[in-house]
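Here are some comments on the model, set out as numbered points. Please read them with the sequence and the coordinates to hand.

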Amino acid sequence: MTQSHDAYAALRAASFRRYLIGNGALFVGLQMQKVAVGWEIYERTGSAMHLGYVGLAQFLPVLGLTLFAGHATDSFNRKHVLMAAVALSGVAAFGLAWTSATTGPIPLIYLFLALSGIARAFWMPARAAFLPRIVPREIFSNAVSWNSTTFELASWGGPLVGGIMIALLKDAAWVYIINAVCAALFLSLMSGVTYRHQAGVRQPLTADSLLAGFRYIRKTPVVLGAITLDMFGVLLGGATAMMPIYAKDILAVGPGGLGWLLAAPSIGACSMAMIQARRPPFARAGRALLMAVAGFGLATILFGISENFWFSLLMLLFLGAFDNISVVIRTTLVQMLTPDEMRGRVSSINGLFIGTSNELGAYESALVANSFGPVASVVSGGIGTGIVVAATAWLWPQLRNYREDKEEIGTAARR
């Protein structure tokens with residue numbers, strides 16, 4: 001099986017290549033914006049709680065719009081939904097640039113972050129449900145690995161370049177402008193992606209339709225267990241929210257060091273993504289997922305207690321590598337076990353529980369840090385992640401025993 005595996009199968013599809021490059025550009029800009037917002041807020045307020053509000057401002061719109069975004073993704077052309085949402089994200093970036101350049105009030109920053117959160121509520125499910133329609137099913141796992149590689153490269157380069165720019169220019173406005181330009185580049189590339197919308201029966205906007213994704217996840221133990229595991233793992237293991245404090249007060253490495261700290265998980269994840277792209281999927285995917293999240297929690301604990309910059313970077317490299325294993329397995333599992341007509345709604349819920357758990361996790365970390373300090377916040381989160389792994393393995397044995405093969409894919413939804 002290993003000898004016949006084509007590591008570059010997905011890259012041979014022209015539409016996927018355009019999509020992949022566009023994704024890279026989009027996430028370079030978003031990751032640059034992430035480091036800029038964190039540094040600017042902490043510089044202007046000196047408050048851990050304000051760092052938590054950054055995450056909360058982006059999480060609440062997603063929470064409120066998740067069901068509507070999933071319904072829209074399944075009811076309308078997914079390419080159009082995706083492009084409209086990314087365009088709105090670019091508008092929010094220009095708003096942040098103007099606020100930064102004019103030293104506008106802090107609440108205005110949160111307002112534009114909320115606008116970015118509205119955009120994210122729609123582009124997350126549209127992006128996830130769009131990918132299975134432009135690559136064949138048999139190479140979908142390979143496409144996820146390459147997509148993850150590009151995302152991690154962007155997550156590495158974005159914070160690094162953003163941190164260096166802020167250190168040199170002493171100004172975050174240009175970082176926000178670059179993010180807006182990256183969004184425009186994504187739109188340009190996506191316009192050339194071949195995508196044929198298959199118009200099905202458009203469901204009315206009813207409570208039954210909105211809640212269909214929840215019902216599907218609830219009756220599919222493997223999907224429910226995987227989503228729950230990653231949601232609480234990321235929620236509790238939110239070390240990245242405390243990065244500005246670690247960079248300035250604990251490790252004393254400044255904005256340039258902050259860029260490296262934020263980039264390190266992505267370097268580790270990118271390395272692991274390249275390895276995964278060159279090998280067949282994990283046969284015992286469920287067990288691999290549980291072990292990866294446990295490793296994520298352990299790396300979080302060791303980073304939390306470290307006062308050495310280089311050891312901290314090493315732990316963040318491991319953290320990113322374990323996280324990438326989890327992302328590839330979970331994404332492949334959820335998308336392949338979900339019928340196409342349900343992918344928008346399931347992806348929307350998946351995005352809420354996992355993608356935005358970063359933002360909610362940032363708020364949770366800030367609350368703990370405000371009362372007990374940043375080290376206690378990070379370490380307790382890592383311990384909590386380990387507890388979640390043990391609980392998930394016990395509550396959902398279907399996930400623990402899940403094997404990624406044709407028989408499992410065909411029967412998992414009935415277990």
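1. Thr-103 counts as exposed because its relative accessibility is 56%, where the cut-off for that class is over 50%. The residue sits in the loop that joins helix H3 (78–101) to helix H4 (106–130). Although Thr-103 and Arg-44 are 59 residues apart along the chain, their C-alpha atoms are separated by 9.7 Å. The model is a predicted one, and the points below should be read with that in mind.

2. On the packing of H1 with H3, the two axes lie 12 Å apart at an angle of about 30°, and the crossing is left-handed. From H1 the contact draws on Leu-26, Leu-30, Gln-33 and Glu-40, while H3 supplies Val-86, Ser-89, Ala-93, Leu-96 and Ser-100. Sorted by class, the residues of this contact comprise five nonpolar, three polar and one charged.

3. A second helix pair is H9 (residues 221–236) with H16 (residues 374–395), whose axes come within 8 Å of each other and cross at roughly 165°. Because of that angle H9 runs roughly antiparallel to H16, and the crossing is right-handed. On the H9 side the contact is made by Gly-225, Leu-229, Phe-232, Gly-233 and Leu-236, and on the H16 side by Gly-381, Gly-382, Gly-384, Thr-385, Val-388, Val-389 and Thr-392. This contact has five nonpolar and seven polar residues, with no charged residue.

4. In helix H10 (residues 243–250), the buried residues are Met-243, Pro-244, Ile-245, Tyr-246 and Ala-247. Their cover includes helix H1 (14–45), helix H2 (48–75), helix H11 (254–277), helix H12 (285–305), helix H13 (309–337) and H16. Just after H10, the backbone at Ala-252 adopts a positive phi of about 55°.

5. Which residues have the most contacts inside the largest nonpolar core? They are Ile-41, Leu-113, Met-242, Leu-261 and Phe-303, in a core of 48 residues. The helix that gives the most to this core is H1, with seven residues. Separate from it is a second core of 37 residues, in which Phe-16, Leu-20, Ala-143 and Val-193 are included.

6. Leu-261 merits a closer look, and its contacts are given here without its neighbours within four places in sequence. On that basis Leu-261 touches Met-243, Ala-247, Leu-251, Val-253, Phe-303, Phe-309, Leu-313 and Leu-316. Of these partners, Met-243 and Ala-247 are among the buried residues of H10, and Phe-303 is one of the residues with the most contacts inside the largest core.

Methods:
Residues are numbered from 1 along each chain as its sequence is written. This is a predicted model: local features need pLDDT of at least 70, side-chain atom pairs count only at pLDDT 80 or more; totals for chains, interfaces and linings use all residues. Side-chain values use heavy atoms; hydrogens and water are left out. Axes are lines fitted to C-alpha atoms, for helices over the stretch in contact, and angles run from 0 to 180 degrees between N-to-C directions. Helices (H or I, at least four residues) and strands (E, at least two) are DSSP runs, numbered from the N terminus. Angles under 35 degrees count as roughly parallel, over 145 as roughly antiparallel, 65 to 115 as roughly perpendicular and the rest as oblique. A crossing is left-handed if the near helix is turned anticlockwise from the far one by less than a right angle, and right-handed if clockwise. Contact means heavy atoms within 4.5 Å. Ala, Val, Leu, Ile, Met, Phe, Trp, Tyr, Cys and Pro count as nonpolar, Asp, Glu, Lys and Arg as charged, and the others, Gly among them, as polar. Buried means under 20% relative accessible area, exposed over 50%, partly exposed in between (1.4 Å probe, protein chains only). A nonpolar core is a set of buried Ala, Val, Leu, Ile, Met, Phe, Trp, Tyr and Cys residues joined through side-chain atoms within 4.5 Å.
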